[in-house]
Amino acid sequence: MMAKQKPAPKIKPLVAGNWKMNGVGKQLGEVKKLVTVLSRQKPKADVMICPPVTLLSRMVALKPKGVALGGQDCHANVDGAHTGDVSADMLKEAGAKAVILGHSERRADHGESDKAVRAKVGAAQRSGLTAIMCVGESLKQRKAGETLKVVQAQLRGSLPDKCNAKNTVIAYEPVWAIGSGLTPTVEQVAQVHGALRKALVRRFGDEGAKMRILYGGSVKPSNADELMAVPHVNGALVGGASLTAKDFYGILKAYL
Ligand code: PGA
């Protein structure tokens, strides 16, 4: 008799906007606009914005219904002499529910290693935040056929052992697709997300099967339907197109 296969768990998608180093007070209006459109027609996905830390409390004060808020980085330590850094507890107290960690811009601009990212992921989880941990290959690595090897090594090295589907989200962001307008083909996305799912299940069992794997890199209203339909794509991490309510909602429509 054939072994009974477990049905794949139903995963609620997450669409998170990464505002990066963009946004001052006047952009708060975009959040208000987003809340208004969401109140009319709500997509079947969790919605999040990760603003620069200076806007976090101000966004929280708006009490944006249907929009969770997150940070873009945190320090691995609880407190101490780390000028310019912010701790996971500080983000949590300010009202963040999650924090993006190991984004390729942090890995490149600040030399963050897998080990450093792993320490930050652990710190975020201990503070009760969901870590949105990013992996992704460079164009050179893709051309050399190293994509799967690179993202699997990042996944292995950047996650601590106690990850579950609630405290961890993975984002696959090919470095060459970020801010470039270029996107991988659906086959390429499917291949990487499938490999990441396998690795997560191997390491975290049922929790790995339920963990959300976001795709990020030049997601826009015109390609969201196609990208979000790829197997094991459980939402998106959106940069540029998350800065206006119009474009961000255009992406969220993939889940109406
Ligand atoms: P992009 O950025 O959507 O502007 O390409 C995505 C990201 O870096 O998270």
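Start with leucine 159: setting aside its neighbours within four places in sequence, this residue is in contact with Arg118, Val121, Met133, Thr168, Ile170, Leu200, Arg203 and Phe204. Keep in mind that we're looking at a predicted model here. Leu159 also turns up in the largest nonpolar core, among the members that touch the most others. From there, the tour goes on to strand β7 and to a pair of loop residues with unusual backbone angles.

**The cores**

- The largest nonpolar core has 60 residues, and the ones touching the most other members are Val15, Leu34, Ile49, Leu159, Ile170 and Leu196.
- Helix α8, covering residues 186-204, gives the most to this core, chipping in 6 residues.
- There's also a second, separate core of 12 residues, with Ala16, Met48, Cys50 and Ala171 among them.
- Ile170 is worth a second look: it is one of the contacts of Leu159, and it has a bridge partner in β7, namely Ile213.

**Strand β7 and its neighbours**

- What makes β7 (residues 212-216) largely enclosed by the rest of the structure? 5 of its 5 residues are buried, so the strand is shut in that way.
- In a regular strand, side chains alternate between the two faces of the sheet.
- For β7, both faces are covered: Arg212, Leu214 and Gly216 are buried on one side, and Ile213 and Tyr215 are buried on the other.
- On one pairing, β7 runs parallel to strand β6 (residues 168-172), with 4 bridges between them.
- β7 also pairs with strand β8 (residues 235-238), again in the parallel sense, over 2 bridges.
- In that β8 pairing, Tyr215 sits opposite Ala236.
- To get from β7 to β8, the chain passes through helix α10 (residues 221-228), making a right-handed β-α-β crossover.

**Two positive phi angles**

- Lys63 isn't a glycine, yet its phi is positive, at about 45 degrees.
- You'll find Lys63 in the loop between α2 (53-61) and β3 (68-71).
- Ser218 isn't a glycine either, and its phi is positive too, at about 55 degrees.
- Ser218 belongs to the loop between β7 and α10, so to speak on the way into the crossover helix.
- Are these two loop residues buried or exposed? Lys63 is exposed, with a relative accessible area of 69%, whereas Ser218 counts as buried at 15% relative accessibility.

Key. Residues are numbered from 1 along each chain as its sequence is written. This is a predicted model: local features need pLDDT of at least 70, side-chain atom pairs count only at pLDDT 80 or more; totals for chains, interfaces and linings use all residues. Side-chain values use heavy atoms; hydrogens and water are left out. Buried means under 20% relative accessible area, exposed over 50%, partly exposed in between (1.4 Å probe, protein chains only). Two strands pair if DSSP finds at least two bridges between them. A crossover is right-handed if, with the strands pointing away from the viewer, the path from the first strand over the helix to the second runs clockwise. A nonpolar core is a set of buried Ala, Val, Leu, Ile, Met, Phe, Trp, Tyr and Cys residues joined through side-chain atoms within 4.5 Å. Contact means heavy atoms within 4.5 Å.
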